[in-house]
Amino acid sequence: MQETKIQYILERLHKELHRFIDTVGDIPYVALPSEKPEIICFSGKIKELTGYDVNEVLADREHWENMIHPYDRGQVFVAFARCKNEGTPFNIEYRIVHKDGSMRFVSDKGEPVFNNKGEITQIEGLITPIGQGSETENIPLSEITKVTKVGNVNLSVF
């Protein structure tokens with residue numbers, strides 16, 4: 001009887017946690033420590049960003065990589081490689097190609113997770129949608145982002 005009650009409580013907590021995660025605007029993920037983003041766990045909110053169901057994205061580890069705009073893949077791969085090899089957290093912006101072909105701009109913050117031996121076991125991250133556009137699909141993101149200085153503050157403008 002006690003095991004049944006504990007199982008019931010754990011199932012409820014699991015459902016509540018997923019419900020909570022799906023109400024926030026950000027998309028948490030877990031990735032393998034790899035040179036490229038090998039996402040193994042995504043929030044269900046990924047469908048709003050990409051047009052693909054979470055199971056479609058997770059069925060093929062290269063699916064996420066292929067959704068990253070070709071001009072932006074290099075910087076994403078460098079960020080994941082540094083995180084894996086040096087334990088360096090990252091905070092990058094790049095474009096995702098939506099299922100309908102439109103562009104989505106995202107901010108991706110990731111950091112390594114270490115085991116008790118100091119080895120990186122996974123990368124945990126948070127993707128924040130920051131906009132969309134179509135006129136910029138054939139332009140490298142580095143050329144789209146312009147930095148302007150207002151007083152002592154740098155502003156990134158798309």
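**Figure 1. Meet V106, a valine in strand β4.** A residue counts as buried when its relative accessible area is under 20%. In this predicted model, V106 sits at 0% relative accessibility, so it counts as buried. Its strand, β4, covers residues 103-114. Which residues does V106 touch, once its neighbours within four places in sequence are set aside? The list is L49, I92, E93, Y94, I96, I127, T128, P129 and I130. Take Y94 from that list: V106 and Y94 are 12 residues apart in sequence, and their C-alpha atoms are 5.6 Å apart in space.

**Figure 2. The whole chain, before we zoom in again.** The protein chain has six helices and seven strands. Reading from the N terminus, the elements go α-β-β-α-α-α-α-β-β-β-α-β-β. Out of 158 residues, 34% count as buried. The accessible surface is about 9900 Å², and carbon and sulfur atoms make up 52% of that. Now take the contacts with a separation of 6 or more: 48% of them join residues 24 or more positions apart.

**Figure 3. The largest nonpolar core, with its 24 residues.** Who has the most contacts inside this core? That would be Y29, F42, W64, F90, Y94 and I127. Quite a few elements chip in with two or more residues: the strands β1 (27-32), β2 (38-42), β3 (90-97) and β5 (120-133), plus the helices α2 (46-50), α3 (54-59), α4 (62-67) and α5 (73-86). Here's some background: in soluble globular proteins, nonpolar side chains tend to be buried together. Two of the names here may ring a bell, as Y94 and I127 also turn up among the contacts of V106.

**Figure 4. F77, a phenylalanine in helix α5.** Is F77 buried or exposed? F77 has a relative accessible area of 18%, and the cut-off for buried is under 20%, so F77 is buried. Leaving out neighbours within four places in sequence, F77 is in contact with E35, K36, P37 and E65. One of these, K36, is 41 residues away from F77 in sequence, yet the two C-alpha atoms are 5.0 Å apart in space.

**Figure 5. Two cysteines, C41 and C83, and how much of each is covered.** C83 has 0% relative accessibility, so it counts as buried. C41 comes in at 40%, which makes it partly exposed. How many disulfides does the structure hold? The count is zero. As a reminder, a disulfide is a covalent bond between the sulfur atoms of two cysteines.

Note on methods
Residues numbered from 1 in each chain as written. Predicted model: local features only at pLDDT ≥ 70, side-chain atom pairs only at ≥ 80, totals over all residues. Heavy atoms only, no water. Helix = DSSP H or I, 4+ residues; strand = E, 2+ residues; numbered from the N terminus. Buried < 20%, exposed > 50% of the residue type's maximum accessible area, 1.4 Å probe, protein only. Contact = heavy atoms within 4.5 Å. Areas by Shrake-Rupley, 256 points an atom, 1.4 Å probe, with all protein chains shown as cover. Disulfide = S-S within 2.5 Å. Core = buried A, V, L, I, M, F, W, Y, C linked by side-chain atoms within 4.5 Å.
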